[in-house]
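Subject: Structure for you to look over

Dear colleague,

I am passing on the structure we spoke of, together with some notes on what I found in it. Please read them with the coordinates open beside you.

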Amino acid sequence: MKKILLCCSAGMSTSLLVTKMKKAAEEKGIDVEINAVALELFDENLLKYDVFLLGPQVKFKKNDFQKKADEYNKKVEVINMVDYGTMNGAKVLDFALNLIK
């Protein structure tokens, strides 16, 4: 099972997107775990997830988080602003899955 973690300011704004991503995964028959947390919880979740997506409003954390994730050969990317704004769960799911090696 692939595991995707979304990080944002408080973990709240991504909750709806997580729901839509889970629905898209279910429709496609993809076994995936997707959750959202506040930025402060990134470090404690680093070993638990395969890929990390940041909300556009916290893209300034990408380089810091990627340095930590590099130690475990994991990716940290920023969610496309349009996909985030329109809550396009299917596109964000595909984006995340394509990042996992």
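I begin with Leu93, which is found in helix α5; please keep in mind throughout that the model is a predicted one. At a relative accessibility of 0%, Leu93 counts as buried, because the cut-off for that class is under 20%. Leaving aside its neighbours within four places in sequence, Leu93 is in contact with Ile4, Met21, Ala24, Ala25, Ile30, Val32 and Ile34. Its C-alpha lies 9.1 Å from that of Val18, although 75 residues of sequence separate Leu93 and Val18.

Leu93 also belongs to the largest nonpolar core, which holds 20 residues, and it is listed with Ile4, Leu6, Leu17, Met21, Ile34 and Leu53 as touching the most other members. At least two residues of this core come from each of β1, α1 (15–28), β2 (32–38), β3 (51–54) and α5 (89–99). Apart from this core lies another, of 13 residues, which has Leu5, Cys7, Leu46 and Phe65 among its members. As general background, nonpolar side chains in soluble globular proteins tend to be buried together.

Met21 gives a second view of the largest core: outside its neighbours within four places in sequence, Met21 is in contact with Ile4, Leu6, Ile34, Leu53, Gly89, Val92 and Leu93.

Two of the helices deserve a closer look, and I take α5 before α3. The buried residues in α5 are Gly89, Val92, Leu93, Ala96, Leu97 and Leu99. Since these residues cover an arc of only 155 degrees around the axis, they sit on the same side of α5. The elements that cover the buried residues of α5 include β1, α1, β2, β3, β4 (75–78) and α4 (81–85).

In helix α3, which runs over residues 62–70, Phe65, Gln66 and Ala69 are buried. Their arc around the axis is only 100 degrees, so they too lie on the same side of their helix, α3. Asn63 and Lys67, by contrast, are exposed on the other side of α3. The buried residues of α3 pack against α2 (42–45), β3 and β4.

As for the chain as a whole, it contains 5 helices and 4 strands, and from the N terminus on its elements follow the order β-α-β-α-β-α-β-α-α. With a radius of gyration of 12 Å, close to the 13 Å that the globule rule gives for 101 residues, the chain is as compact as a globular protein of that length. The C-alpha trace spans about 35 × 25 × 20 Å along its principal axes. Buried residues account for 44% of the 101 residues, and the accessible surface of the chain comes to about 5700 Å², with 51% of it belonging to carbon and sulfur atoms. If one takes the contacts between residues at least 6 apart in sequence, 70% of them join residues at least 24 apart.

One position carries an annotation that you may wish to examine yourself. UniProt, in an unreviewed entry, lists Cys8 under "modified residue: Phosphocysteine"; such annotations may be inferred rather than shown by experiment. In the model, Cys8 lies in strand β1, which covers residues 2–8. Is Cys8 buried or exposed? Its relative accessible area is 0%, so Cys8 is buried. Not counting residues up to four places away in sequence, Cys8 touches Ser13, Thr14, Val37, Ala38, Leu39, Gln57 and Val58.

Finally, there are two backbone details to check by eye. Asn73 has a positive phi of about 55 degrees although it is not a glycine, and Asn73 is placed in the loop between α3 and β4. With a relative accessibility of 57%, Asn73 counts as exposed. Met87, likewise not a glycine, has a positive phi of about 55 degrees, and its place is in the loop between α4 and α5. Unlike Asn73, which is exposed, Met87 is buried, with a relative accessible area of 17%.

With best wishes

Terms used:
Residues are numbered from 1 along each chain as its sequence is written. This is a predicted model: local features need pLDDT of at least 70, side-chain atom pairs count only at pLDDT 80 or more; totals for chains, interfaces and linings use all residues. Side-chain values use heavy atoms; hydrogens and water are left out. Buried means under 20% relative accessible area, exposed over 50%, partly exposed in between (1.4 Å probe, protein chains only). Contact means heavy atoms within 4.5 Å. A nonpolar core is a set of buried Ala, Val, Leu, Ile, Met, Phe, Trp, Tyr and Cys residues joined through side-chain atoms within 4.5 Å. The radius of gyration is taken over C-alpha atoms; the globule rule is 2.2 Å times the number of residues to the power 0.38. Accessible areas come from the Shrake-Rupley method with a 1.4 Å probe; for residues, only the protein chains shown count as cover. The arc is that of the directions from the helix axis to the C-beta atoms.
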